[in-house]
Amino acid sequence: MLTLAEVEALARRAHATQTDKAGRPYAEHLEAVAEGVRARGGDDEQIAAAWLHDAIEDDALSPQWLAAADLTDRTKAVVLALTKRSGEPQEAYAQRILATPGALLVKESDLAHNANPARLAVLDAATRDRLTKKYAGMRALLGLGTQAQRKDPRP
């Protein structure tokens, strides 16, 4: 099995050329999500999935790579559950997350970092408002309550 250090290094390489909406290196988001999973009591499989949660969706790694990767079936299942599908309704996406053991904690950490006010503050008002509504809607579908109730302190 790949170690967490190997998964982290692999994810950093896979996303090396990507930036987030604020122009920051995308690996910063992956690190924050992984650390958020750790802080929320997640296990190594969930932390590995946090590092890889956007890899397939962002075409940083292929589904074939994931299928062959030296990862646990649970880690692979969480990554696939968190991979949004083109045209998929938010409700179906949320149901897949809820149906996959271990995925909800990773998504909670992802949403907490994405909705962090410090991160959103650097975006233009229209983008900030659109994303705030999107993240709040997903939190509601997942039964996570409001962002204020589960604030993530990391920018």
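# A tour from the largest pocket outward

Helices α2 (26-39), α6 (90-99), α7 (103-114), α8 (117-120) and α9 (125-142) each contribute at least two residues to the lining of the largest pocket. Keep in mind throughout that this is a predicted model.

## Stop 1: the largest pocket

Select K21, Y26, N114, R119 and Y135. Of the 33 lining residues, these lie nearest the pocket's centre. The space inside comes to about 620 Å³.

Which helix gives the most to this lining? Colour α7: it supplies five residues.

Now colour the lining by residue class. You should find 14 nonpolar, seven polar and twelve charged residues.

## Stop 2: the whole chain

Zoom out and switch to cartoon. The chain has nine helices and zero strands. Followed along the sequence, the pattern is α-α-α-α-α-α-α-α-α.

Turn the model along its principal axes. The C-alpha atoms fill a box of roughly 40 × 30 × 30 Å. The radius of gyration is 15 Å, which agrees with the value near 15 Å for a compact globule of 155 residues. Of those 155 residues, 45% are buried.

How far apart in sequence are the contacting residues? Take the contacts between residues at least 6 apart: 63% of them join residues at least 24 apart.

## Stop 3: helix α1

Select residues 4-14, which form α1. Show the side chains of V7, L10 and A11, the buried residues of this helix. These three sit on the same side of α1, because they cover an arc of only 100° around the axis. The spacing fits a general rule: an α-helix has 3.6 residues a turn, so residues three or four places apart point the same way.

Now look at the opposite face. A5 and R13 are exposed there, turned away from the buried side.

What covers the buried residues of α1? Show α2, α3 (44-52) and α4 (63-68), which are included in the cover.

## Stop 4: helix α3

Stay with α3. Seven of its nine residues are buried, so this helix is largely enclosed by the rest of the structure. Select Q46, I47, A48, A49, A50, W51 and L52 to see the buried set. Then add the partners: these residues pack against α1, α2, α4, α5 (73-82) and α7.

Next pick E45, also in α3. Is E45 buried or exposed? E45 counts as partly exposed, because its relative accessibility is 25% and that class runs between 20% and 50%. Show T72, R74 and T75: E45 touches them, not counting residues up to four places away in sequence.

Draw a distance from E45 to L4. The two are 41 residues apart along the chain, yet their C-alpha atoms are separated by 8.6 Å.

## Stop 5: D59, an unusual backbone

Follow the chain on from α3 to the loop that leads to α4. D59 sits in this loop. Check its backbone angles: phi is positive, about 60°, although D59 is not a glycine. For background, most residues other than glycine have a negative phi. The side of the story about accessibility is plain: D59 is exposed, with a relative accessible area of 69%.

## Stop 6: R96 in helix α6

Go to α6 and select R96. How accessible is R96? R96 counts as buried, because its relative accessible area is 14%, and buried means under 20%.

Display what surrounds R96. Setting aside neighbours within four places in sequence, R96 is in contact with L80, A81, T83, K84, R85 and E88.

## Stop 7: G102, between α6 and α7

Continue to the loop between α6 and α7 and pick G102. At 18% relative accessibility, G102 counts as buried.

Which residues does G102 contact beyond its neighbours within four places in sequence? Show Q46, R74 and V78. Of these, Q46 belongs to the buried set of α3, and R74 is also touched by E45. Measure to V78 in your viewer: G102 and V78 are 24 residues apart in sequence and 6.5 Å apart in space, C-alpha to C-alpha.

## Stop 8: A115, between α7 and α8

Finish in the loop between α7 and α8, where A115 lies. A115 counts as buried, at 10% relative accessibility.

Draw one last distance, from A115 to H15. The pair is 100 residues apart in sequence, and their C-alpha atoms are 21 Å apart.

Conventions: Residues are numbered from 1 along each chain as its sequence is written. This is a predicted model: local features need pLDDT of at least 70, side-chain atom pairs count only at pLDDT 80 or more; totals for chains, interfaces and linings use all residues. Side-chain values use heavy atoms; hydrogens and water are left out. On a 1 Å grid over the protein atoms alone, a cavity is a set of points where a 1.4 Å probe fits but cannot get out, and a pocket is an open set with protein on both sides within 12 Å along at least five of seven lines; lining residues have an atom within 4 Å of a point. Grid points are joined across faces, edges and corners, and a volume is the space filled by probe spheres set on the points. Helices (H or I, at least four residues) and strands (E, at least two) are DSSP runs, numbered from the N terminus. Ala, Val, Leu, Ile, Met, Phe, Trp, Tyr, Cys and Pro count as nonpolar, Asp, Glu, Lys and Arg as charged, and the others, Gly among them, as polar. Buried means under 20% relative accessible area, exposed over 50%, partly exposed in between (1.4 Å probe, protein chains only). Contact means heavy atoms within 4.5 Å. The arc is that of the directions from the helix axis to the C-beta atoms. The radius of gyration is taken over C-alpha atoms; the globule rule is 2.2 Å times the number of residues to the power 0.38.
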